[in-house]
Amino acid sequence: MSDADLIKLYSQRILALAADMPCTDPLADPDAVLRKRAPLCGSTVEVAITLQDGRISGYSQTVHACALGQASAAIFGAQVIGCSRDQVARLRDQLAAMLKGGPVPDAPFGEYEVLTAAREYPNRHGSILLAPEATLAAFDSAIAA
């Protein structure tokens, strides 16, 4: 990877998102807590959620990831309150498709456009998908309980 590629990949917007992580305060009484790891790069995200009427009413995340994974978690965390499981699953699927050349995810997740440069780096895709994947697993855990 050249220096120009690195500069493009870790743009100022991505770094700004990574530095301004929302939803980091722990939840007092979460319905589910789940930790996921991206095996290729070792990034981890732990999410805690509370649900009300089938929607996320509380969300907390602890992110240990590269700047791309952090930026993705920041975008996700800023919009996830109020989402249903189907909306999170749709976002995850759209994000995975975007990373393979598809369109940017639907609103309110359009800010993922900033990560289109990561398409060329499949070893980072797992980190970018961690927050929605962990949240889906937490949703399933909360529903099962």
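Here is a quick tour of this structure, from its core to its salt bridges.

Keep in mind that this is a predicted model. It has an open sheet of 3 strands, and helix H5 lies across those strands, E1, E2 and E3. There is also a nonpolar core, the largest one, with 44 residues. A whole-structure search turns up 3 aromatic pairs and 3 salt bridges.

**The nonpolar core**

- Let's start with the largest nonpolar core: among its 44 residues, Tyr59, Phe76, Tyr112 and Leu115 are the ones that touch the most other members.
- Several elements chip in with at least two residues each, namely helix H2 (12-19), strands E1 (32-37), E2 (44-52) and E3 (55-64), and helices H3 (67-79), H4 (85-99) and H5 (125-144).
- Which element gives the largest share of this core? That would be H5, with 9 residues.

**A close look at Tyr59**

- Is Tyr59 buried or exposed? Its relative accessibility is 4%, so Tyr59 counts as buried, because the cut-off for buried is under 20%.
- If you skip the neighbours within four places in sequence, Tyr59 still has plenty to list: it is in contact with Cys23, Leu27, Val47, Ala48, Ile49, Phe76, Gly77, Val80, Ile81, Ala131 and Thr135.
- Phe76 shows up among those contacts of Tyr59, and you'll meet this residue again with the aromatic rings.

**Aromatic rings**

- To describe a pair of aromatic rings, you give the distance of the centres and the angle of the planes.
- The whole structure holds 3 aromatic pairs. One of them is Tyr59 with Phe76, an edge-to-face pair with 5.7 Å from centre to centre and 70 degrees between the planes.
- Tyr59 belongs to strand E3 and Phe76 to helix H3, so this pair ties together parts that are 17 residues apart in sequence.
- Phe76 also pairs with Phe109, and this pair is stacked: the centres are 6.0 Å apart and the planes are 20 degrees apart.
- Phe76 sits in helix H3, while Phe109 is in the loop between H4 and H5, so here the parts tied together are 33 residues apart in sequence.
- How accessible is Phe76, and what does that make it? Its relative accessibility is 0%, so Phe76 counts as buried. Phe109 is buried too.
- Put the rings together and you get one aromatic cluster, formed by Tyr59, Phe76, Phe109 and Tyr112.

**The sheet and the helix across it**

- In general, strands of a sheet pair through backbone hydrogen bonds, and they can do this in a parallel or an antiparallel way.
- In this open sheet of 3 strands, the order is E1-E2-E3 and the pairing is antiparallel.
- Which strands are at the edges? E1 and E3 are, since each of them pairs on one side only.
- Neighbouring strands of the sheet are turned against each other by 20 degrees on average, with direction ignored.
- Zoom in on E1 and E2 and you'll find 6 bridges joining these antiparallel strands. As an example, Lys36 has Val45 in E2 as its bridge partner.
- Helix H5, which lies across E1, E2 and E3, runs at about 45 degrees to E2.

**Salt bridges**

- The search of the whole structure gives 3 salt bridges. In one of them, the side chains of Arg13 and Glu111 meet at 2.0 Å, N to O.
- That pair links distant parts of the chain: Arg13 is in helix H2 and Glu111 is in the loop between H4 and H5, 98 residues apart.
- Arg13 is partly exposed, with a relative accessible area of 41%, and Glu111 is partly exposed at 33%.
- Arg85 forms a salt bridge with Asp140, and their closest N and O atoms are 2.6 Å apart.
- Arg85 is in helix H4 and Asp140 in helix H5, so this salt bridge ties together parts that are 55 residues apart in sequence.
- Arg85 counts as partly exposed at 28% relative accessibility, and Asp140 is partly exposed with a relative accessible area of 35%.
- Asp93 and Arg92 also meet through their side chains in a salt bridge, at 2.8 Å from N to O. Asp93 counts as partly exposed at 43% relative accessibility, as does Arg92 at 24%.

**A loop residue to find**

- Look for Ser84 in the loop between H3 and H4. Ser84 is buried, with a relative accessible area of 16%.
- Not counting residues up to four places away in sequence, Ser84 touches Gly54, Arg55 and Phe139.

Notes:
Residues numbered from 1 in each chain as written. Predicted model: local features only at pLDDT ≥ 70, side-chain atom pairs only at ≥ 80, totals over all residues. Heavy atoms only, no water. Core = buried A, V, L, I, M, F, W, Y, C linked by side-chain atoms within 4.5 Å. Buried < 20%, exposed > 50% of the residue type's maximum accessible area, 1.4 Å probe, protein only. Helix = DSSP H or I, 4+ residues; strand = E, 2+ residues; numbered from the N terminus. Contact = heavy atoms within 4.5 Å. Phe/Tyr/Trp six-rings, centres within 6.5 Å; stacked < 30°, edge-to-face > 60°. Pairing = 2+ DSSP bridges. Axes fitted to C-alpha atoms, helices over the stretch in contact; angles between N-to-C directions. Salt bridge = Lys/Arg side-chain N within 4 Å of Asp/Glu carboxyl O.
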